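Please walk through the structure below, with attention to its enclosed spaces and to its metal site.

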Amino acid sequence: MNLFMFIKPDRMSLLWRENEIKGNGMETGEEIKAAKGILQILLKARKNLRLYPANNPVYAKTLEESFEKFTRFFQFQDQLIFRIRLYDIYYMDELVYHNTDQKNENLSFFLFKDGLRELTFQKKMPVEELTSFIKIISMDFEQDVLDDDVVTLFWEADFSYIRYVVEDEVLADEDYEAQAVAGVKARQTEPGSFQAAYDDATAVEIKIQNPAIVSLTESDLKMLFIELEDDAKDKIDKFMTIIFEIFYKAKTAKEVEDVVGFFNSAIEYAVRQGNIQAVMNTLERLAQIAQSSRVNEIVKHHIKSVFHFTGSQQILDLVGQHFDSGLKPDPKPFQELIRFLDKDSIPHLMDLLGNLDSIYARKVIIDALVYLCPKSLLTITKGLSSPKWYVVRNIIYILRENKDSRAVEYLLKTVSHPDLRVRKEVIRALGELGDSRVLPALQSFLDDPDMQTRLAAVRALGSLSSGQAKAMVLVKISEKAFNDKSFNEKKEFFHVLAIWKDKEVVDFLIKTLMKTALFGSAKVYESKACAAYSLGMIGDRSALPYLFKCRGAHNKLLQKFSETAIQRIEDENRIQS
Amino acid sequence: MKTAYRADSPKAKGEMINQLAVVLRSAEVHHVDNIAVTNAISRLEALVSEFVQLENILILELRGEFFFVNEFRIRYSSEVMINFDYLVRLFKSLDVGTLVFQNDLSAADISVLTKVLVEASSGVSFEVLQEKLSHVNSIQIEKLKHVIEADLLDTRKMVKKTYFKAVSVAKSVMSSIRSGDEAVDLKKAKRMVVSMVNHILDEEQLLLGMASIKDYDEYTYHHSVNVSIFSISLGQRLGLSMKQLTELGMVALFHDIGKMVIPTEILNKPTRLNDEEWGVIKKHPVEGVRILLKMKRLDYTSIRSAIVSFEHHIFYNNTGYPSVKKYPPLDLYSRIVSLADQYDAMTSARVYSRTPMSPDKALNLMMKQAGTQLDPLLLQFFINMVGVYPIGTLVMLDSNELGLVYEINPIFVDRPHIMILTDRLGQRVTVHPFDLSNKNEEGAFQKSIVKTMDANAYKVNLAEYLL
Ligand SMILES: [Fe+2]
Ligand SMILES: [Fe+2]
């Protein structure tokens, strides 16, 4: 058997000698039980790590528990050695695990088939080392791991306290060595060779050569250090450069097609790595090539397919994960990249709105959709029928930002959305985008039982700013019941009214301001104060005499609001003159 | 000074060795009582004491060219290389193999050790040093152990096995690509590379020796493995991590994968290639990228492999092929592989140039290309690795004997280990090894190289002596 140990054991005796003298505090029976316990916890950890994501508490708990078991074992022993056979694992001479399944779930089979024959854990093994050990044995080698086996991963983990013995026999046929050696040795050195070399060497006078011994200086090492640091950066840009080189050199249609595939997989890789900037740079360069007059239609078509791939669900899902990671990556490269996407990517982005967890990520996607909206308004409006209220609200926001009044007819269909938050957003959008078509809806919302909805409706009327809208607000304020509304709501209505700044409104406000409060009711004074506030906002000097009058009123609220309004009008006029 | 990492971490272990070198080097310049030395000593004392408190004992041993701290081999990172080199030389010249620190170590004890080591001239016997330190209870020194021949023979066998397995894996992987097989067993290839990295860390010289025998029939596969070995070995000197070394080994192994789509008639053509055929050969870097990218889903290693496949003939100054305009600097791995590739190709009997160059001649040529075709800094590391007289060089000694270099001495690059082939009259003798760093009683080297010759020119079959 051709075994190789990763660490030579010869000097270990010196290190462990002390422990032998100390003896161990554990009975053999107990010790075996503890070893079995460790094996059980490793099996459990394998299961849990596959079942739960790393941020799940069970995941962390399992790792913690495993480490505890080891710590307890190391109170009595300085090392734990497991011997591995195809179906069995032994501790000392005791069988501690047996399973005859030929599957990776079987721990002994799993370790044995890759050549592992012995595993040693040493006291003082830090928790990070055990954690990476457990992570490795929990990986799915059939699905996720392509060119590694358990040994190569152990090797790369570079353990200090976990040692293992590996058999490499599994690797290759023995015959090659014999055959190659025989072949190469067959060319025997010719009998006279040495004599000839000797004669030649001594024929000329021997001169001692000055061999060029190169010694490295501190500055060489500094340069090397910079090299290594530089090498740690990701390789995507260089990789893209190479794909472009191959692209330029491509001659046949098949070659161009291949290169498209390379671009696509490089883009996918870059997004996985979170390097959106590299993708952006690539698309930009491709766009430039596509614009060149020397490029034929077939190549243009291929370039287009790369853009299309970038906007595919596969890639956009990865983009979503990237922004949803909690690290809040810079959205700028993605914002720049959006201009290369076409309308086909809209549905995928809308799907993301429903699937992403973080507000941060959703905001990035919303901004992208705002940009893409003009490419297909109709596609965007389809999102209004999403079962998720927040998606509907986001879509309304997108339509609102897009300022295209064609959206109104779709928005009107959502005014009766069961979710208040959606209704508020749609009312606002209708105000900003709408025309006379939206008036009936807004009017009905002025009587909504929810105050926030009523306020949204009146503000929307304000942003419509038409005469009809004004009339609606005036009618509402004139109603008798208006007096009984809360002060804040009233103030908001009067605030909206100030938008119109015309004689009708000023007259109406003065009339309200000068209304006699029959029973001196506080509610009436509130309305009067609001009228004063509104006049102040309008800034019409003709209101000043009335406001002076009201400043002297004995109602504190009216006094205060009149005073503020006067101040405001005078300030404004001063600035203007 | 408090260290940020655990006292028994690999970094702390390396730091102790480094600090020991700092102490000794400063004591060579200043008196032991000088503040520079005492400061260095007290830092060393703090590091060692902290370690001993955790581990009870500190055993610092030189084995071959490497230091071990309580059985852990300390890596040779570039920052500490100069200090490590110094310490290896010093230990070897004094025949000291091991320092053991225990019990209550004091700065005064280290000061005694420093004085004893620095003041000892290289001729002094180990026993004298031991005597001088006998009253220091906390420090013991042990004599340098020379590797036992039988052990060496065993290791040699194992390394040999590893080498040929690697070639056979390379062959099966690469020929499955040639035959258009879908399932390429990369796990096997990677496992092989890990095994090679492992051997290079422990028995670098043996594996380099294997890579020096060039006369095999299957050039492409041997070449791939050789380039991988030279690259890993160079990478190790640059201080790359295990993971990086494995990656570099993989990347190097596949650097010529593009040759698998070149018709074998051209690849193995025994006569000179015409321009058209050369044109086909020159496609292999790009073809390699195509193969690598189609092989599996992209990951970091396949990207690096593709980069190296594309760049390995471009040259440091962009004068090679494929021709590229406005191209960014070559990747570090490409420059490493390019060195390894050129060296192995020049010293091999390739099908399209039947006469291989002698290793030292190849090195000389490469030195002329420093800064133009080859990265000058990496070339320096490469020369230190293969030695001024690389393995396989036929040499004439000042004793008039002929010898063959079979192992490099990393500390004295111009004093390799050789096999003596003839006596001083040129008569063949029973081949026996000799270490050119051996000195006589007066402290002078016993034998030195005066001339190198081309073993190939005299049809000396290296395999007879190196395998
Ligand atoms: Fe090549
Ligand atoms: Fe090559």
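How much space lies in the largest cavity? In this predicted model, the largest cavity holds about 100 Å³ of space. The count of cavities of 30 Å³ or more comes to 13.

The wall of the largest cavity can be followed residue by residue. Its lining consists of Arg156(B), Val159(B), Lys160(B), Gln205(B), Leu206(B), Gly209(B), Met210(B), Tyr406(B), Glu407(B) and Leu466(B). Sorted by class, this lining has five nonpolar, two polar and three charged residues. Three elements of chain B, namely helix 6 (149–178), helix 7 (186–212) and strand 7 (402–407), supply at least two lining residues each. Helix 7 of chain B provides the largest share, four residues. Where does the largest cavity lie with respect to the domains of chain B? Both domain 2 (149–386) and domain 3 (394–466) of chain B contribute to its lining, so the largest cavity lies between them.

The second largest cavity has a volume of about 70 Å³. Its lining is made up of Asp147(A) together with Leu186(B), Met250(B), Phe254(B), Leu292(B), Met295(B), Lys296(B), Thr301(B), Ser302(B) and Ser305(B). Helix 12 and helix 13 of chain B are the elements that give two or more residues to this lining, and helix 13 of chain B gives the most, with three residues. By class, the lining of the second largest cavity has five nonpolar, three polar and two charged residues.

The metal site is the next topic. Which residues coordinate the iron ion (ligand 1)? The donors are the OD of Asp256(B) and the NE2 atoms of His284(B), His312(B) and His313(B), at 2.1 to 2.2 Å. Along the chain, these donors follow the spacing D-x27-H-x27-H-H. The iron ion (ligand 2) is 3.4 Å from the iron ion (ligand 1), and Asp256(B) coordinates both.

His284(B) lies in helix 12 (residues 284–295) of chain B, whereas His312(B) lies in the loop between helix 13 (300–311) and helix 14 (332–346) of chain B, so the pair ties together parts that are 28 residues apart in sequence. Both His284(B) and His312(B) are buried.

Why is the arrangement around the iron ion (ligand 1) irregular? The four donor atoms subtend angles of 86 to 175 degrees, which makes the arrangement irregular. For reference, ideal angles at a metal are 109.5 degrees for four tetrahedral donors.

Methods. Residues are numbered from 1 along each chain as its sequence is written. Chains are lettered from A and ligands numbered from 1 in the order in which they are written. This is a predicted model: local features need pLDDT of at least 70, side-chain atom pairs count only at pLDDT 80 or more; totals for chains, interfaces and linings use all residues. Side-chain values use heavy atoms; hydrogens and water are left out. Donors are N, O and S atoms within 2.8 Å of the metal (3.2 Å for Na, K and Ca); water is not among the atoms, so sites may look incomplete. Four donors count as tetrahedral if all angles lie between 85 and 135 degrees; four count as square planar and six as octahedral if opposite donors are over 155 degrees apart and all others between 65 and 115; anything else is irregular. Buried means under 20% relative accessible area, exposed over 50%, partly exposed in between (1.4 Å probe, protein chains only). On a 1 Å grid over the protein atoms alone, a cavity is a set of points where a 1.4 Å probe fits but cannot get out, and a pocket is an open set with protein on both sides within 12 Å along at least five of seven lines; lining residues have an atom within 4 Å of a point. Grid points are joined across faces, edges and corners, and a volume is the space filled by probe spheres set on the points. Ala, Val, Leu, Ile, Met, Phe, Trp, Tyr, Cys and Pro count as nonpolar, Asp, Glu, Lys and Arg as charged, and the others, Gly among them, as polar. Domain bounds come from an automatic or database domain assignment.
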